[in-house]
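Below is a set of questions and answers for a reader at the bench, to be followed with the sequence and the coordinates at hand.

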Amino acid sequence: ADVADLPRRQALVLNQIAALTGQAAADLKLDATTRLPLPPAIRAGLPSELLQRRPDLAQSLAQLHAATAQVGIAEAAFYPSIKLTGSFGYSSEDLGSLVSAPARLYNIGPSVSLPLFEGGRNKANLASAKAQVDESLAAFRGRMLQALREVDDALAELQGRAVTMDAQNRTLASASQVLAVARSRYDQGAVSYLDVTEAERTPLATERALAQLRGAQWAAT
């Protein structure tokens, strides 16, 4: 039953890998190996700058930059905005040209927007923008701590799995010896074949556990 279900599980993994690598599943060819090799060793002294490759940290940092930019926008609202419009003549683009050539304008309608009466709202907007920065900074720090924790967990996983792998290998060696004895006794007519099948259970279960451990090592790596 397990063997019959393997093609379905392999197809799901293949589709997932194809999606992650931006390929069509039909174009992705992966050969399944009978024995999963050892994962590559983690080199000592890896820099923490590797965390910059994580998309969640890049997203959080971009949100922090955006929140910081909003503070500048909120501060700019405290400065007056002066607009000068004219009709039936040449319109001046700035106050200097208006003062130097007032005779060219027939009708002037100055529009001056001063934030004096909006000080309360501007202060509230500025405080809100600064609070958003604090929130984004706290979120970034939280994601950074999460990333560091995941790295630490993966290293602990590798260390713990290595010890378990050694124990499972010893179990497999012992179970293989028990199976050899059971087959020898069956060949001599001392036991039934049921004893052989029972002796096969332990090495098969151990081999499955070893395969799962090796997969966990690859995932942690």
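**Helices, contacts and surface**

Q: Is tyrosine 193 buried, partly exposed or exposed?
A: In this predicted model, tyrosine 193 has a relative accessibility of 45%. Buried would require under 20% and exposed over 50%, so tyrosine 193 counts as partly exposed.

Q: What kind of pair do the rings of tyrosine 186 and tyrosine 193 form?
A: The count comes to one aromatic pair. The ring centres of tyrosine 186 and tyrosine 193 are 5.2 Å apart, and their planes stand at 70 degrees. Centres within 6.5 Å make a pair and planes over 60 degrees apart count as edge-to-face, so tyrosine 186 and tyrosine 193 are edge-to-face.

Q: What is the relative accessible area of tyrosine 186?
A: Tyrosine 186 is classed as partly exposed, a class that lies between under 20% for buried and over 50% for exposed. Its relative accessible area is 37%.

Q: How far apart are the end C-alpha atoms of helix 5?
A: Helix 5 covers residues 193-220, and at 1.5 Å a residue its 28 residues should span 40 Å. The distance in the model agrees with that expectation, the end C-alpha atoms being 41 Å apart.

Q: Which residues of helix 5 are buried?
A: Buried residues are those with under 20% relative accessible area. In helix 5 they are Val196, Ala199, Pro203, Thr206, Leu210, Leu213, Arg214, Ala216, Gln217 and Ala220.

Q: Which residue forms a salt bridge with glutamate 200, and where does that partner lie?
A: The side chain of glutamate 200 meets that of arginine 183 at 3.2 Å, N to O. The pair links distant parts of the chain, 17 residues apart, with glutamate 200 in helix 5 and its partner in helix 4. Glutamate 200 is partly exposed at 21% relative accessible area, and the partner, partly exposed at 42%, is arginine 183.

Q: Which residues are joined into one network by salt bridges that share partners?
A: A search of the whole structure finds eight salt bridges, and one of them brings together the side chains of aspartate 56 and arginine 54 at 2.9 Å, N to O. Through shared partners, the network consists of Arg54, Asp56 and Glu150.

Q: How many residues apart are arginine 161 and glutamate 157, which form a salt bridge?
A: The closest N and O atoms of arginine 161 and glutamate 157 are 2.6 Å apart. An α-helix has 3.6 residues a turn, so residues three or four places apart point the same way. Both residues lie in helix 4 (residues 119-187), and their separation, about one turn of the helix, is four residues.

Q: How far apart are the end C-alpha atoms of helix 1?
A: The 19 residues of helix 1 (residues 2-20), taken at 1.5 Å a residue, should span 27 Å. Just after helix 1, glycine 22 takes a positive phi of about 70 degrees. The end C-alpha atoms of helix 1 agree with the expected span, lying 27 Å apart.

Q: Which residues make the nonpolar surface patch of about 380 Å²?
A: Leucine 46, one of its members, lies in the loop between helix 1 and helix 2 (55-76). Leucine 46 is partly exposed, at a relative accessible area of 40%, and patch residues need over 30%. The patch is made by Ile42, Leu46, Leu50, Val151 and Leu155.

Q: What pattern does the chain follow along the sequence?
A: The chain has five helices and two strands. Read along the sequence, their pattern is α-α-β-α-β-α-α.

Notes:
Residues are numbered from 1 along each chain as its sequence is written. This is a predicted model: local features need pLDDT of at least 70, side-chain atom pairs count only at pLDDT 80 or more; totals for chains, interfaces and linings use all residues. Side-chain values use heavy atoms; hydrogens and water are left out. The expected span of a helix is 1.5 Å times one less than its number of residues. Patches are made of residues with over 30% relative accessible area and no salt bridge: like charges are joined within 9 Å, nonpolar side chains (Val, Leu, Ile, Met, Phe, Trp, Tyr) within 5 Å. Accessible areas come from the Shrake-Rupley method with a 1.4 Å probe; for residues, only the protein chains shown count as cover. A salt bridge is a side-chain nitrogen of Lys or Arg within 4 Å of a carboxyl oxygen of Asp or Glu. Buried means under 20% relative accessible area, exposed over 50%, partly exposed in between (1.4 Å probe, protein chains only). Rings of Phe, Tyr and Trp (its six-membered ring) pair if their centres lie within 6.5 Å; planes under 30 degrees apart count as stacked, over 60 as edge-to-face and the rest as tilted.
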